[in-house]
Amino acid sequence: MVASTYSHQPRKRSAVPQIAASGPAPRTPGTQVGTIAASSGAAGRFRNERGAALISALLAAALVATVASAMIFSQQLDIRRSGNILHGDQAYLYARGVESWAGVLLGRAEDGEEYEYLGRSLPPMEVQGGRVGVRVDDLQGLFNVNNLVLSREDVLEEQQQMFRRLLRHCAMEEDLEQAVSDWLDADQEPRFPAGAEDGEYLRHDPSYRTADRPLTDADELALVYGFDDEGYEECLKPLITALPEATAVNVNTAPAPVLTALADELSMRRAEQLVDDRPQLGYSLEEFLEHPSLAGTGLGGSGLLTVQSRYYMVQSEAVIGQGRVVLHSLLKQEGNTARVLQRSR
Ligand SMILES: [Ca+2]
């Protein structure tokens, strides 16, 4: 009876969760499927979590690799930059060494010996890590523009005439000599008819004033009235220089256009003949004045000419690795040595 009473009692719905909570679920087919489904869900979650962890690890590794690569690249740049700076410094020191060596050569040269290497580039020499080269030019082979104000009174007119012939040779107005003389002289009185002082240049845009002193660099001449055309750039510029004192022209290094400016009668053909006949160790002044090309020119030992120079331009170049330095140095020979007056890089 108890059993029938029990069997007819309705099952309380709350008993199922209690049983499930208190122990393992009965092995009924329904509950087995639920367990497999739960187990399969847990495995899926586990796989998903494992995949997410793997992606995170890959992302972290990629990030580390990117940062490391950026650091290595930056370090390589630093190393390259340091190397270039080192090579540049080494090249500069080599170029200074070449400049000093050229000064020693010029100082020790016996009479005429320097003509063997003046005016041409010496073959490059191998040094540790690179090469060096040098070229020495005699600046007294050119017309010194500062002669127009620094010359003695008794030769000043001859210097002006010489400059006028050079202007004529370059198809420029020879009266422009007056504009240059005004640029160099200390006063503010324009010469007639082609002089130019501050009044001329203050009208320019931008305006500027005359130097009223000798040039420190021949390139300054480009600022003077009338010197902004092709005649100056292509013809006159290579024939002139600016030195700190009045100088005579060295007949052994002057090119034919400068020689032809020495006298009206000295044609280009005769000047070229003078250049062609130069002895290996140069003319003496007497030999030069006796040359047939000078017949009838009236050229004498007036202080316009010399065979002994004192001012040189030394171009020293050094290439070490990626570093390259070129120095342009103005040297003045004094006794057995040559001193650097100006240097540009
Ligand atoms: Ca002046």
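Asp137 has a bridge partner in strand E8, and that partner is Met313. Keep in mind that this is a predicted model. The pair belongs to a longer contact: strand E3, residues 130-138, and E8 run antiparallel and are joined by nine bridges.

Let me stay with E8 for a moment. The strand covers residues 311-320, and seven of its ten residues are buried, so I would call E8 mostly covered, given that a residue is buried if 20 or more other C-beta atoms lie within 10 Å of its own.

E8 also pairs with strand E9, residues 323-334. The sense is again antiparallel, this time over ten bridges. If you want one position to look at, find Ala318, which stands opposite Val325 in E9. E8 and E9 form a hairpin with two residues between the strands. In that hairpin, Gly321 takes a positive phi near 55°.

Now to the backbone outside these strands. As background, most residues other than glycine have a negative phi, and most peptide bonds are trans. I have two exceptions of each kind to show.

Peptide bonds come first. Where does the chain have a cis bond before Pro193? The bond joins Phe192 and Pro193, and its omega is about 10°. Pro193 sits in the loop that runs between helix H6, residues 176-184, and helix H7, residues 198-201. Another cis peptide bond joins Asp205 and Pro206, with omega about 0°. For Pro206, the place is the loop between H7 and helix H8, residues 230-236.

Next, phi. Ala171 has a positive value, near 60°, and is a residue other than glycine. You will find Ala171 in the loop between helix H5, residues 153-169, and H6. Is Ala171 buried or exposed? Ala171 counts as exposed, because there are 11 C-beta neighbours inside 10 Å, and the cut-off for exposed is 12 or fewer.

Asp212 is the other case. Its phi is positive, about 55°, although Asp212 is not a glycine. Asp212 lies in the loop between H7 and H8, and Pro206 is placed in the loop between H7 and H8 as well. With 15 C-beta neighbours inside 10 Å, Asp212 counts as partly exposed, since that class holds what falls between the exposed and buried cut-offs.

To recap: E8 is joined to E3 by nine bridges and to E9 by ten. Cis bonds precede Pro193 and Pro206. Positive phi values appear at Gly321, Ala171 and Asp212.

Conventions: Residues numbered from 1 in each chain as written. Predicted model: local features only at pLDDT ≥ 70, side-chain atom pairs only at ≥ 80, totals over all residues. Helix = DSSP H or I, 4+ residues; strand = E, 2+ residues; numbered from the N terminus. Pairing = 2+ DSSP bridges.
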